Amino acid sequence: MPKDSTASVLLEGKNNLLRMRQEIPLTDAEAAAVDDGASALDSLLKRLANVPTPAGPTPLQLSDGATTASEAAD
């Protein structure tokens, strides 16, 4: 399981793949490999969005502005 800090590296990797797809002439097989890589990174990022952080809330909850139960009790 990748660390939470890996999410930004995964996003950068996906952006690099998409840029490659647009800027470099690729064969059909190369384009398919780039597309598969981008899909794999999307899948991993979606799974990481539901993995709790050390503080408790998931990245998805944090991005939605949701609070943890301990914050709601304060």
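Which residues does Pro 59 touch, not counting residues up to four places away in sequence? The legends below take up this question after an overview of the chain and of a pair of helices, and they all describe a predicted model.

**View 1. The whole protein is built from four helices and zero strands.** Read from the N terminus on, the elements of this predicted model follow the order α-α-α-α. The protein has 74 residues, of which 20% count as buried. Its accessible surface comes to about 5400 Å², and 56% of that surface belongs to carbon and sulfur atoms. When contacts between residues at least 6 apart in sequence are considered, 45% of them join residues at least 24 apart.

**View 2. Helix α1 and helix α2 cross with their axes within 9 Å of each other.** Two packed helices are described by the angle between their axes and by the distance between the axes. Here helix α1 covers residues 6-23 and helix α2 covers residues 28-48, and the crossing angle of their axes is roughly 155°. Since angles over 145 degrees count as roughly antiparallel, α1 and α2 are therefore roughly antiparallel to each other. The crossing of these two helices, α1 and α2, is left-handed.

**View 3. The contact of α1 with α2 is made by residues from both helices.** On the α1 side, the residues that take part are Ala 7, Leu 10, Leu 11, Gly 13, Lys 14, Leu 17, Leu 18, Met 20 and Arg 21. On the α2 side, they are Ala 31, Val 34, Asp 35, Gly 37, Ala 38, Leu 41, Asp 42, Leu 44, Leu 45 and Leu 48. Sorted by kind, the residues of this contact divide into 13 nonpolar, two polar and four charged.

**View 4. Ala 7, a residue of helix α1, touches Leu 45 and Leu 48 when residues up to four places away in sequence are not counted.** Ala 7 and Leu 45 are 38 residues apart along the chain, and yet their C-alpha atoms are separated by 6.6 Å. Ala 7 has a relative accessibility of 22%, and it therefore counts as partly exposed.

**View 5. Leu 45 belongs to helix α2 and is buried.** Its relative accessible area is 17%, and because buried means under 20%, Leu 45 falls into that class. Leaving aside its neighbours within four places in sequence, Leu 45 is in contact with Ala 7, Leu 10 and Leu 11. The C-alpha atom of Leu 45 is also separated by 9.4 Å from that of Thr 6, a residue 39 places away along the chain.

**View 6. Pro 59 is found in helix α3, which covers residues 59-64.** The question at the start is answered here: with residues up to four places away in sequence not counted, Pro 59 touches Leu 48, Ala 49, Val 51 and Thr 53. Pro 59 has a relative accessible area of 31% and is partly exposed. From C-alpha to C-alpha, Pro 59 and Lys 46 are 10.0 Å apart in space, while in sequence they are 13 residues apart.

Notes
Residues numbered from 1 in each chain as written. Predicted model: local features only at pLDDT ≥ 70, side-chain atom pairs only at ≥ 80, totals over all residues. Heavy atoms only, no water. Axes fitted to C-alpha atoms, helices over the stretch in contact; angles between N-to-C directions. Parallel < 35°, antiparallel > 145°, perpendicular 65-115°, else oblique. Left-handed = near helix turned anticlockwise from the far one by under 90°. Contact = heavy atoms within 4.5 Å. Nonpolar A, V, L, I, M, F, W, Y, C, P; charged D, E, K, R; others polar. Buried < 20%, exposed > 50% of the residue type's maximum accessible area, 1.4 Å probe, protein only. Areas by Shrake-Rupley, 256 points an atom, 1.4 Å probe, with all protein chains shown as cover.
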